[in-house]
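Biologist: I am new to this one. Could you show it to me and let me ask how each label is earned?

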Amino acid sequence: MSERATVAMVRCADYGDGLGGAVERAFSLMEGERPREPNVADFSGKRVLLKPNLLTDRRPEQAVTTHPEVVRHVIRWFRRRGAEVSVGDSPASTANLQNVWRLSGIGGVCAEEGAPLISFEQAGARLFEQDGFAFSVAQPVLDADLVVNLPKVKSHSLSMLTAAVKNIYGVLPGYSKTMYHRQYPKLAVFGRLVAAIWKVIPPSVTLADGVVGMEGQGPANGRPVPLGFLAASENPFALDRTLCGMLRIDARRVPYLVDGLGGDYSCVGDTVTVGAFDVPSGAHILNILPQRLADVFGKLVWVRPAFSEAACVGCGKCAEACPVHAVAWSEGTRKPVLKRDACISCSCCHEVCPADAIRMTQSRILRMTMAFKGM
Ligand code: SF4
Ligand code: SF4
């Protein structure tokens, strides 16, 4: 990542005719006059891997996954520069990959454009030890000359925001993504894990899909919200800091933006104004209570899932996704039951529920603190 990053903002109202021009303009603004390595102007023979957000099996209009037309135009943009383009991601562990590819529309776009769509689960991985963490990264990511990170701009019940930085979490194949929540339940530590992953990734650029984002109960069960922009940068931390400013999110509470990551950066391009943006009151809220008070109140301070019997379709995905087996499940009743003391507030169940039947709820003392702080 360069020392002083550029974040390029481009207005883009929809995924129609203007999208290709907006993608072109975002990359041009980001690049400016500076030579880059690899040089974007000539990608002859270079391997470029596009990494969209393919969290789970939802349709494009649900705004859970990166819009397939964004993927299409980025494929074409790099192809015009001679690149060998492929596309890959590792969805949530409970998702059926074929369904994700089909429903998201990205499978169809890749077939139409002739771009290989790679399953990170089946392509091998390499183990890294970085900043005190041990994790495996999918081999196709490491084999790329350039990774093009294509996140969706969404609220997130664990980290408040999921956009450029958090999207890289999908380079960890399979169930390991879930298990790291158990291994690193503290949000700040989890944030440093995400930052560590970035250090082993090949050179990258990010183009964030904020044309239609998600607010509320993100990253999977929120509301689509027209935001009207694309944002590009070589520095994902700087890009997310810019988004925090636009969406009025306190960057100090986004766990992977701690420690001033993002450095010095400047914004170029269009001025984009976003109206109200609703962020869920998830586990990040635990951070508002001073550690001293949290120690005193101990078990009275919590964020936990609540299951709606009316909405639940009895799929069992929440139990399957829970890294600490805090969701009791029986095939007989087909109703999830929370084992409260085991829950580590990771939101994995909330993230995979296909029926919007899970809300992350706060203890009374946490709600009182939030009210006191005007949240
Ligand atoms: S019940 Fe949900 S929030 Fe609690 S630990 Fe399990 S997956 Fe995480
Ligand atoms: S709460 Fe959601 S994920 Fe869990 S069983 Fe019900 S529908 Fe499935």
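Modeller: Start with leucine 230 in this predicted model. Leaving aside neighbours within four places in sequence, leucine 230 is in contact with Val10, Cys12, Ala22, Val23, Ala26, Leu207, Ala208, Asp209, Gly210 and Val211.

Biologist: What makes these residues count as being in contact with leucine 230?

Modeller: The test is a pair of C-beta atoms, placed from the backbone, within 7 Å. Val10 and Asp209 are among the residues that pass it with leucine 230.

Biologist: What makes the largest nonpolar core a core, and which residues have the most contacts inside it?

Modeller: A core is a set of buried residues of certain nonpolar types, joined through C-beta atoms within 7 Å. Here the largest such set has 106 residues, and Val74 and Leu230 have the most contacts inside it. Helix 7 (residues 187-200) supplies the largest share of this core, 7 residues. Domain 1 (4-269) and domain 2 (283-372) each contribute at least three residues to it.

Biologist: How do you know where the domains lie?

Modeller: The bounds are taken from an automatic or database assignment, which gives domain 1 (4-269) and domain 2 (283-372). Their C-alpha centres lie 27 Å apart. The contact between them takes 20 residues from domain 1 and 19 residues from domain 2. On the side of domain 1 that touches domain 2, helix 6 (residues 176-183) gives the most, with 4 residues. That side has 9 nonpolar, 9 polar and 2 charged residues.

Biologist: Why is the chain called as compact as a globular protein of its length?

Modeller: The chain has 12 helices and 16 strands. Its radius of gyration is 20 Å and the globule rule gives 21 Å for 375 residues; the two are close, so the chain is as compact as a globular protein of that length. Along its principal axes the C-alpha trace spans about 55 × 45 × 40 Å.

Biologist: What share of the chain is buried, and what makes a residue count as such?

Modeller: A residue is buried if 20 or more other C-beta atoms lie within 10 Å of its own. By that test, buried residues make up 49% of the 375 residues.

Biologist: Which residues are closest to ligand 2, and how many surround it?

Modeller: The surrounding residues number 13, and the closest are Cys312, Cys315, Cys318, Cys353 and Ala355.

Biologist: What makes up the shell around ligand 2 by class?

Modeller: Cys and Ala both count as nonpolar, and the shell has 10 nonpolar, 2 polar and 1 charged residues.

Notes: Residues are numbered from 1 along each chain as its sequence is written. Chains are lettered from A and ligands numbered from 1 in the order in which they are written. This is a predicted model: local features need pLDDT of at least 70, side-chain atom pairs count only at pLDDT 80 or more; totals for chains, interfaces and linings use all residues. A residue is near a molecule or strand if its C-beta atom, placed from the backbone, lies within 6 Å of it. A residue is buried if 20 or more other C-beta atoms lie within 10 Å of its own, exposed if 12 or fewer, and partly exposed in between; C-beta atoms are placed from the backbone. Helices (H or I, at least four residues) and strands (E, at least two) are DSSP runs, numbered from the N terminus. Two residues are in contact if their C-beta atoms, placed from the backbone, lie within 7 Å. The radius of gyration is taken over C-alpha atoms; the globule rule is 2.2 Å times the number of residues to the power 0.38.
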